[in-house]
Amino acid sequence: NESRYSTLLNLQFFDIEDFILNREYSTLTRYYEYESIIQFIERSTLFNIFFGHGLGATYPANDNLLYVASISGGEYQEAVIRSDGFIHNIHSGPLSTFFKFGFFGLFLNIYLFAYVLLDVLNYRLKNSNIFCIKLAMFILLIQDLFSGQLHPSISLFVIPLYFVTLDKKYT
């Protein structure tokens, strides 16, 4: 009884053996993180799917992730996988948002992304400092797609400035 997510996960777009032979453990751990999270979400309640599991939620590492972590010899197994086999770390921004906040949070994230994109594209004074702040906010959101977490020192500076730029008296 295979779900649509499992079917998509089983499609092999790369040869896992090549990644192991070339010691590309970082790529494999990210792939198996994704696989572990999707397996966990498939067993979640509807409430968790719509509103997420919360900021402190963890998910169980599947056997593939545990195997790659054990052969990598890196910090992943020691620093990320807890003694009970659960993980808090998620490297994909959209997946992290969906896991923690569900469809509700994912919708808000997509809305913010679209709003900032349209704001950047429609801003007329392209050479102003305000445009730089708007563009920096957009770049932060792009970066979050790939790393799963905003860089705190930069985001604590840029995000408030961006929302100040939305006030018409400053533009």
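Here are four short exercises on this structure, each with a worked solution.

The model is predicted, so local features need pLDDT of at least 70, side-chain atom pairs count only at pLDDT 80 or more, and totals for chains, interfaces and linings use all residues. Residues are numbered from 1 along each chain as its sequence is written, and side-chain values use heavy atoms, with hydrogens and water left out.

**Exercise 1. Check the span of helix H8.**

Step 1: Helices are DSSP runs of H or I with at least four residues, strands are runs of E with at least two, and both are numbered from the N terminus. H8 covers residues 129-147, which makes 19 residues.

Step 2: The expected span is 1.5 Å times one less than the number of residues. For H8 that gives 27 Å, and the end C-alpha atoms are 27 Å apart, so the two agree.

Step 3: Now pick out the buried residues of H8 (buried is under 20% relative accessible area, exposed over 50%, partly exposed in between, with a 1.4 Å probe and protein chains only). They are Ile130, Phe131, Lys134, Met137, Phe138, Leu140, Leu141 and Asp144.

**Exercise 2. Find which residues touch the most other members of the largest nonpolar core.**

Step 1: A nonpolar core is a set of buried Ala, Val, Leu, Ile, Met, Phe, Trp, Tyr and Cys residues joined through side-chain atoms within 4.5 Å.

Step 2: Among the 22 residues of the largest one, the answer is Tyr32, Ile37, Tyr59, Ile87, Ile90 and Phe99.

Step 3: Helices H3 (25-42), H5 (63-72) and H7 (93-122) each give two or more residues to this core. H3 has the largest share, with 8 residues.

Step 4: There's also a second, separate core of 11 residues, including Val120, Tyr123, Met137 and Tyr162.

**Exercise 3. Sort two aromatic pairs by geometry.**

Step 1: Rings of Phe, Tyr and Trp (its six-membered ring) pair if their centres lie within 6.5 Å; planes under 30 degrees apart are stacked, over 60 edge-to-face, and the rest tilted. The whole structure has 11 such pairs.

Step 2: Tyr123 and Phe131 sit 6.4 Å centre to centre with 15 degrees between the planes, a stacked pair. Both residues are buried.

Step 3: For Tyr162 and Phe163, the centres are 5.3 Å apart and the planes at 80 degrees, so this pair is edge-to-face. Tyr162 is buried at 0% relative accessibility, while Phe163 is partly exposed at 44%.

**Exercise 4. Place His91 and list its side-chain partners.**

Step 1: His91 lies in the loop between strand S2 (86-87) and H7. With a relative accessible area of 17%, His91 is buried.

Step 2: A polar contact is a pair of N or O atoms within 3.5 Å; within protein, one must be able to donate a hydrogen and the other to accept it, and residues adjacent in sequence count only if both atoms are side-chain atoms. The side chain of His91 makes one with the side chain of Arg30 at 3.3 Å, and another with that of Glu33 at 2.9 Å.
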